[in-house]
Amino acid sequence: MTGGNGPDRAERLGFWRSNSLTLVFGGAFLVVLAAQAVAGRAEFNEQMAVAGLQQIGFGAYLTSSDFAVDVTENWQSEFLQFFLYVFGTVHLLQRGSPESKPLDRTGTESDREQRTGEHAGSDSPRWAGTQDWRQAVYSRSLGLAMALFFFLSWFAQSVAGVSAYNAERLLQFQAPIDWSAYLASSDFWNRSLQNWQSELLAVSAMAILSVYLRQRGSPESKPVGSPHSATGVEG
Amino acid sequence: MSTPLRATGVLLVAAFLCGCGASAAREDGASAAGRRFAAALAAGDYRAGCELLAPATRDEVEEDAKGPCGPALRDLDLPPAGPARGVDVYGRGALLRMAGDTLFLSQFDSGWLVTAAGCVPQAQDEPYRCSLKGG
């Protein structure tokens, strides 16, 4: 991120510039979430109009199960994608991809390579220097956080989903079903699987395309002049 | 990380709460509207019954009978509903099970209105067959 000018330039960068990756994507997330709410409400009200029922305001839609299930079904799949990617790349390799570790470094690596236990430095996170459960937890904290967010989002999807599904069933003069029946329903699994397949496609495409294609200046790509066979090199 | 985490937590809780079905107030509102409809029919006050029908349902009743709602509602000869046995509320819709009848209702700005009545359950997952319904 700092180019070739070293730490001096990094220190000169202000808060906004030095956190721009998180801030820009976080801000864009909020803008797109709001846009989704606008489009979702319009679609919801179309259905109500067709059925001759009352259309709802923006506030009511924001707190509706219809909006909640549409949001959480996408969240769970994104967190699942990163959870699988973080854990999968410990052991899985892709020759020539910057997304993969070098072919001879598969696995969790030694304490020396990971700077854990007695090899931790004075600037290492505190739990990295321990030799008990704290090191074990901290060593997996990124993947575990993604897994936790995945399960929470998926659970929220199921709870909001059964409510939205039952609201739709009532419109069709069908009796509602309970949560356990919803977990076995085609609606729940169609919502889940359609998101999972797209995440898995994106991950596999990224892993293989980054072998042959480049994005100058991006850490997700190898340097433009790197050979296709170079593995685990980031630009 | 604390702000995004908090936002995530709030949204998940919101999803959980809105997914938990209806608040007691909404269940009471739907149930009360259904009971008023049943009471109006039991008292022979079909005009009041028509006032408690959703607009599309009322239109359907009048179109089918090719006449005004009150007499059309009387001619449907809906079964005596009796006391309420239970209510399910999801989103803007409700299902009210009564001793002698089952009603579907929907929430409007003016309150809960009946969208279907005289409903009989069918084989698993099929829609109820209703003597009176709209939409």
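The paragraphs below lead through a predicted model, beginning with a sheet in chain B and ending with the helices of chain A.

In chain B, five strands are arranged as an open sheet whose order is β1-β2-β3-β4-β5, and the pairing is antiparallel. The edges are formed by β1, residues 84–90, and β5, residues 129–133, each of which pairs on one side only. Averaged over the sheet and with direction ignored, neighbouring strands are turned by 25° against each other.

The pairing can be followed strand by strand, starting from the edge strand β1(B). Six bridges link β1(B) in the antiparallel sense to strand β2 of chain B, which spans residues 93–98. Within this pair, A84(B) has M98(B) of β2(B) as its bridge partner, while V87(B) stands opposite L96(B) in β2(B). The two strands make a hairpin with two residues between them, and in the turn G91(B) has a positive phi of about 60°.

On to the next pair, β2(B) and β3(B) run antiparallel and are joined by five bridges, and here A94(B) finds its bridge partner in L105(B) of β3(B). These two strands likewise form a hairpin, with three residues between them. As for its surroundings, β2(B) is mostly covered, since five of its six residues are buried.

How is a helix placed against these strands? Helix α2 of chain B, residues 24–42, lies across β1, β2, β3 (102–108) and β4 (111–120) of chain B, and it runs at about 130° to β1(B).

Several residues of chain B recur when the packing of the interior is considered. The largest nonpolar core has 55 residues, and those that touch the most other members are A94(B), L103(B), L105(B), V114(B) and A116(B). It is nevertheless α8(A) that gives the most to this core, with 13 residues. Returning to the bridge described above, A94(B) and L105(B) are partners across β2(B) and β3(B), and both are among the core residues that touch the most other members. For V114(B), leaving aside residues up to four places away in sequence, the residues touched are G34(B), F37(B), L52(B), L53(B), A54(B), T57(B), L103(B) and L105(B).

Which elements of chain A each supply at least two residues of the side that touches chain B? They are α5, residues 65–91, and α8, residues 141–171, and α8(A) provides the largest share of that side, namely eleven residues. In total, 28 residues of chain A are in contact with 35 residues of chain B. Sorted by class, the side of chain A that touches chain B has 16 nonpolar, eleven polar and one charged residues.

A record can finally be set beside the model of chain A. An unreviewed UniProt entry carries the annotation "transmembrane region" for residues 20–39 and 142–165 of chain A. In the model, residues 20–39 of chain A are 100% helix and 0% strand, with 28 Å between the end C-alpha atoms. Residues 142–165 of chain A are also 100% helix and 0% strand, and their end C-alpha atoms lie 34 Å apart.

Definitions and conventions
Residues numbered from 1 in each chain as written. Chains lettered and ligands numbered in written order. Predicted model: local features only at pLDDT ≥ 70, side-chain atom pairs only at ≥ 80, totals over all residues. Pairing = 2+ DSSP bridges. Helix = DSSP H or I, 4+ residues; strand = E, 2+ residues; numbered from the N terminus. Axes fitted to C-alpha atoms, helices over the stretch in contact; angles between N-to-C directions. Contact = placed C-beta atoms within 7 Å. Nonpolar A, V, L, I, M, F, W, Y, C, P; charged D, E, K, R; others polar. Core = buried A, V, L, I, M, F, W, Y, C linked by C-beta atoms within 7 Å. Buried ≥ 20, exposed ≤ 12 C-beta atoms within 10 Å, placed from the backbone. UniProt positions renumbered as here; feature names shortened; annotations may be inferred.
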